[in-house]
Amino acid sequence: MVLNETTINEILEKTYGKNLNTATNAEAAGALLVFTREAMENMKKVSGDKKVYYISAEFLIGKLLSNNLINLGLYDEADALLRAHGKSMAEVEEFESEPSLGNGGLGRLAACFLDSIATLELPGDGIGLNYHYGLFKQEFENKLQKEVKNPWIEKESWLIKREQSFSVPFRRHTVQSVLYDIAVPGYKTGSVNMLHLFDIDSVDETIVPEDSIDFDKDVIEKNLTLFLYPDDSDRKGQLLRIYQQYFMVSNGAQYILAECKEKGYDLHKLYDHVVIQINDTHPSMVIPELIRLLQMEGFTMDEAIEVVRKTCAYTNHTILAEALEKWPMDYLEEVVPHLLPIIRELDNRIRKSVTDESTYIIDETGRVHMAHMDIHYGFSINGVAALHTEILKDSELHPFYKLYPEKFNNKTNGITFRRWLLHCNPKLAELLTEKIGSGYKKDAMKLEEFAAFQDDTEILKQLEQIKHENKEKLAQFMKSRQGIEIDPDSIFDVQVKRLHEYKRQQMNALYAIYKYLEIKAGNKPVRPITMIFGAKAAPAYIIAKDIIHLILCLQQLTENDPEVAPYFRVVMAENYNVEYAAKIIPAAEISEQISLASKEASGTSNMKFMLNGAVTLGTEDGANVEIGDLVGEENIYIFGRKSDDVIKLYAEESYNAKRIYEEDELIHKLVDFIVGDQLMAIGSKEHLERLHHELISKDWFMTLLDLHEYIDVKEKVYADYNDRKAWNKKAVINIAKAGFFSSDRTIAQYNEDIWKLK
């Protein structure tokens, strides 16, 4: 297929009875989607004798039209064609629905990895679920997060229905799956891989009311693939998660074996042809399921275990013990009783050879530790940033590291530059191409050459102009989307990521209170400041939702106070997603990466901000450490206790938030403002008092510990911003040093050290 006026008009005529002159932007988007989907369906599939299957509960792929056209080398042609008829790609792509297949960094990483696997022309497919409503659509109502369903599957979508189907057995019934594929093109490779998404035809979207995410959790045939991470605050929700996870891995394992048989491979040598990368613990049941399926092929238990042990690899994405899934045996008995004999056997084998009870798969309370199963019965365990991997080895997974030092390795996360630079910041990409050539689009390390321009006054001015234009675009977007007006001439200080206490949005909010009180006292900033938040909180995560409430109260407070509004504003993006990120990240000037040291595995927004010329304000946590090593201490702002200190405080149980609150006059004042008259007049007494109590009685992620230093360093950041030449030089260095964080580099390392594809 050739992209030209005739081809697109044929699709428009067939689909809508229109042509490019009469079609709406939405119809033009639909026609380009159909063209691109069909073009990719006819492209060759990447093939080889050994293939990776990346199994993940999430793939936050974002809108795909522009990204796919960029990878196919057709974006400029499409834009020119549209402009000849009074349209543009920027306008048309607004009408594409964003697939609701992921939530945060885990899912976005998986999407970047698929892009890079295809770009490096490695044989590799994704395996996941086709969620109809995703996580949820976030709405703000009475300054509280409200969750409603987020439908995205339209008549014309990227999904291609396949004929393949598998039977998945549960305790009380068996379901028949439906397979949908989404093509994943490499960047100018002329070939594609696939994202395989499994579903069932009996899913009933009507069981979810229009304005909520409530539904009957008992009717598995109707609810199985409705939502990503259904609320698991009760037993029914937890059982549904087990249903979902088993459905995903059973389909994935059956698909892999079917493909291998079709190719004529000897399943006893499965590991010579297949690597299964387990992305976090959600797909862990693939281990016992694959053993079960191999036994059905005539394998003995010993043979099946040996094959699986050489086939599966595990990526750990968290240091938080509560995020490593542990399912009660009776829950598994209720959903997948046929896996329990295998899981018991796997545990018994470990007990015979290992004395350390902390490493057993089944603990003394009868819970199955999914990560333990992955580590014992996988051949590789990787962390996702240098610091994260060292913490896993030295503390969190130390007993396992002693058992299997050869299995542990680090693969620092990365991002795909095609989306986070070429697509969302085209003016910056144009400047880079003009100054250093286009080689960086394929080899991100070539960005290093941009450092040569760090003292070029003209380039620094151009960079500032590009940033200002991006700030204006974000201001327009926020006004049209939410009716919020922000000042493009203010400093854009941004924290966008999943709402979790360890990421410490609450500390940023306490700084906002500090700044508000400073301005009220007459200490006005040299330049106005806009603090931008964006985050969703899990529906059952009460304190996280309280933090959102506080931020939204501060938004109203700063907006409506005539003494403060000209100098300082707090705003929060509603329903933060990939589309919103593509507007916010190019506009950001300060990148808030303020998690408690030792708690953030890696972070990837830090890399996206850096690539787009924002300067990091952060703790020595996750990949911030590696960013700091690359850019140098003069081009990053670091504060807070180091990870060793934090780990020691936890071990000694010596952190006391209440003591800090009672003894520190400033902190006492800031924390009490949460329940003071001004916010109480705006917000909910219940939510604000609960958050206030949490901060002074528990503060599990040590907000108050680092607050003073955070305020001091943040004030320095704002002061330094006013030296525009020096600041823009920092931006140049950050852009130039971002090449290391390409997901192409990450995937090349996965392949060299773990997958060894051929």
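Which helix lies across strand S18 (529-534) and S19, and at about what angle to S19 does it run? The helix is H20 (residues 542-560), and its angle to S19 is about 140°. Keep in mind as we go that this is a predicted model.

Let's look at the sheet to which those strands belong. It is an open sheet of 6 strands with parallel pairing, and the order across it reads S19-S18-S17-S20-S21-S22. Strand S19 (568-573) and strand S22 (637-638) are at the edges; each has a single partner strand, so one side of each is left without a neighbour in the sheet. As general background, the strands of a sheet pair through backbone hydrogen bonds, in either a parallel or an antiparallel way.

Moving inwards, strand S17 (residues 491-496) and strand S20 (residues 590-593) run parallel and are joined by 2 bridges. Here Val494 faces Ser591 in S20 across the pairing. On to the next pair: S20 and S21 are also parallel, with 4 bridges between them. Glu592 has Leu617 in S21 as its bridge partner.

Strand S21 (residues 615-618) deserves a pause. In a regular strand, side chains alternate between the two faces of the sheet. In S21 both faces are covered: Val615 and Leu617 are buried on one side, and Thr616 and Gly618 are buried on the other. Leu617 thus appears twice in this picture, as the partner of Glu592 and as a buried residue of S21.

For a contrast in pairing, turn to strand S4 (137-141) and strand S5 (144-148). These two pair in the antiparallel sense over 5 bridges, and Lys137 stands opposite Val148 in S5. Their hairpin has 2 residues between the strands, and Asn142 takes a positive phi near 55° there. Most residues other than glycine have a negative phi. Asn142 is not a glycine, yet its phi is positive. Is Asn142 buried or exposed? Its relative accessibility is 64%, and since exposed means over 50%, Asn142 counts as exposed.

Two further backbone spots are worth a look in the viewer. Lys756, in the segment after helix H31 (743-755), also has a positive phi, near 50°, in a residue other than glycine. Gly298, which follows H9, has a positive phi near 105°.

Helix H9 (residues 286-296) is itself mostly covered, with 9 of its 11 residues buried. The buried residues are Val286, Ile287, Pro288, Glu289, Leu290, Ile291, Arg292, Leu293 and Leu294. An α-helix has 3.6 residues a turn, so residues three or four places apart point the same way.

Now for the empty space. How many cavities of 30 Å³ or more does a search of the whole structure find? There are 5 of them, and the largest has a volume of about 160 Å³. It is lined by 16 residues, and those closest to its centre are Ile61, Leu64, Asn67, Ala111 and Val184. Helix H3 (65-72), helix H6 (105-119) and strand S9 (178-185) each contribute at least two residues to this lining. By residue class, the lining holds 9 nonpolar, 4 polar and 3 charged residues.

The second largest cavity encloses about 80 Å³. Its lining includes Ala57, Leu129, Tyr131, Arg241 and His282. Helix H8 (residues 235-262) gives the most to this lining, with 4 residues. The classes here are 6 nonpolar, 3 polar and 1 charged.

Finally, consider the open spaces, where the second largest pocket holds about 1,100 Å³. Of the 37 residues that line it, Tyr75, Leu422, His423, Cys424 and Pro426 lie nearest its centre. Several helices each supply at least two lining residues, among them helix H4 (75-83), helix H16 (417-423), helix H17 (426-436) and helix H21 (578-587). H18 gives the most, with 6 residues. The lining of this pocket divides into 15 nonpolar, 6 polar and 16 charged residues.

Terms used. Residues are numbered from 1 along each chain as its sequence is written. This is a predicted model: local features need pLDDT of at least 70, side-chain atom pairs count only at pLDDT 80 or more; totals for chains, interfaces and linings use all residues. Side-chain values use heavy atoms; hydrogens and water are left out. On a 1 Å grid over the protein atoms alone, a cavity is a set of points where a 1.4 Å probe fits but cannot get out, and a pocket is an open set with protein on both sides within 12 Å along at least five of seven lines; lining residues have an atom within 4 Å of a point. Grid points are joined across faces, edges and corners, and a volume is the space filled by probe spheres set on the points. Ala, Val, Leu, Ile, Met, Phe, Trp, Tyr, Cys and Pro count as nonpolar, Asp, Glu, Lys and Arg as charged, and the others, Gly among them, as polar. Two strands pair if DSSP finds at least two bridges between them. Contact means heavy atoms within 4.5 Å. Axes are lines fitted to C-alpha atoms, for helices over the stretch in contact, and angles run from 0 to 180 degrees between N-to-C directions. Buried means under 20% relative accessible area, exposed over 50%, partly exposed in between (1.4 Å probe, protein chains only).
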